[in-house]
Amino acid sequence: MKLLAVSAISLGVMGATVVPASASATTMPKSIRGNFYAYQGHHKWTKLSISAHKASIKYPGEKIFKLTPKAKNKAHRLSYKKSNGFFTLNSKNKNAASSLFPEGDMKLASRKIGKKHYKVIRGYQGGYRFDFIKGKKVAHYYSHIAD
C-alpha cells in the first residue's frame with residue numbers, strides 16, 4: 001500500500017514538471033529587443049529601447065519613460081501582449097494617454113532605406129503610423145497615414 005502511494009505521489013510530481021509553462025508577459029521576445037530610433041526633426045531622434053525585462057522611450061527634451069514588470073503605476077508596468085501580428089508593451093494600462101508609448105499597437109516590420117533593409121517597429125497613433133528604425137539614426141521622418 002505504501003509503495004502504491006509513493007509511486008502515485010512521485011508520478012504526480014513528475015507529471016506536474018512535464019507541463020510546459022506559458023510565455024511570460026514580462027519577458028520581451030528577442031525579435032523586438034534593441035535600440036530603435038525615429039527622427040523628430042532638427043537632428044533629434046526619439047529613442048525606443050527594449051531589453052529582456054525593461055522598455056523605455058526618450059523623446060527629445062523629455063525625461064525617459066520606463067516600463068518595468070514591478071512598477072506600482074500601471075502606466076509604467078511592462079506587460080507584453082501579442083495579437084494578430086501586432087503587440088503592445090503595456091497591455092495592463094487602460095488609459096493609453098498616460099503612457100508615452102504609441103497609443104495604438106506596434107508591429108515588427110521591415111523597411112528599405114536606400115539599398116538596405118532595416119528592421120523597424122511601426123507604431124500606430126492618431127490615424128498615423130511611424131517607424132522606429134533599429135540601430136540607425138536616419139535623418140528622415142517616416143510617418144504616413146495608417147492603412
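User: How many of the 147 residues of the protein count as buried, as a percentage?

Analyst: A residue is called buried when its relative accessible area is under 20%, exposed when it is over 50%, and partly exposed in between, using a 1.4 Å probe and protein chains only. By that rule, 32% of the 147 residues count as buried. Please note that this is a predicted model, in which local features need pLDDT of at least 70, side-chain atom pairs count only at pLDDT 80 or more, and totals for chains, interfaces and linings use all residues. Residues are numbered from 1 along each chain as its sequence is written, and side-chain values use heavy atoms, with hydrogens and water left out.

User: Which pattern does the protein follow along the sequence?

Analyst: Helices (H or I, at least four residues) and strands (E, at least two) are DSSP runs, numbered from the N terminus. The protein has 1 helix and 10 strands, and its pattern reads α-β-β-β-β-β-β-β-β-β-β.

User: How should I read the pairing of strand β2, and with which strands does β2 pair?

Analyst: Two strands pair if DSSP finds at least two bridges between them. Strand β2, residues 44-50, pairs with β1 (residues 34-41) in the antiparallel sense over 7 bridges. Within this pairing, Trp45 is the bridge partner of Tyr39. Strand β2 also pairs in the antiparallel sense with β3 (residues 55-58), over 4 bridges; there, Leu48 stands opposite Ile57. The hairpin of β1 and β2 has 2 residues between the strands, and that of β2 and β3 has 4.

User: Is strand β2 mostly covered or uncovered?

Analyst: Strand β2 is mostly covered, with 5 of its 7 residues buried.

User: What is notable about phi at His43 and Asn84?

Analyst: Most residues other than glycine have a negative phi. His43, although not a glycine, has a positive phi of about 55 degrees. His43 lies in the loop between β1 and β2 and counts as exposed because its relative accessibility is 61%. Asn84 is likewise not a glycine and has a positive phi of about 55 degrees. The place of Asn84 is the loop between β5 (81-83) and β6, and its 74% relative accessibility is why Asn84 counts as exposed.

User: Where is Asn90, and is Asn90 buried or exposed?

Analyst: Asn90 belongs to the loop between β6 (86-88) and β7 (106-113). Asn90 counts as buried because its relative accessibility is 8%. A contact requires heavy atoms within 4.5 Å. Leaving aside neighbours within four places in sequence, Asn90 is in contact with Leu67, Ala75, Arg77, Ser79 and Ser99.

User: How is a cavity recognised, and which residues line the largest cavity?

Analyst: Rolling a probe the size of a water molecule over the atoms shows where empty space is left. On a 1 Å grid over the protein atoms alone, a cavity is a set of points where a 1.4 Å probe fits but cannot get out, and lining residues have an atom within 4 Å of a point. The count comes to 1 cavity of 30 Å³ or more, and about 50 Å³ of space lies in the largest cavity. Its lining consists of Tyr37, Ala38, Tyr39, Phe130, Asp131, Ile133, Val138, His140, Tyr141 and Tyr142. Strands β1 and β9 (128-134) each supply at least two residues of this lining.

Technical notes:
1 Å grid on protein atoms, 1.4 Å probe; cavity = no way out; pocket = protein on both sides within 12 Å on 5 of 7 lines; lining within 4 Å. Points joined across faces, edges and corners; volume = space filled by probe spheres on them.
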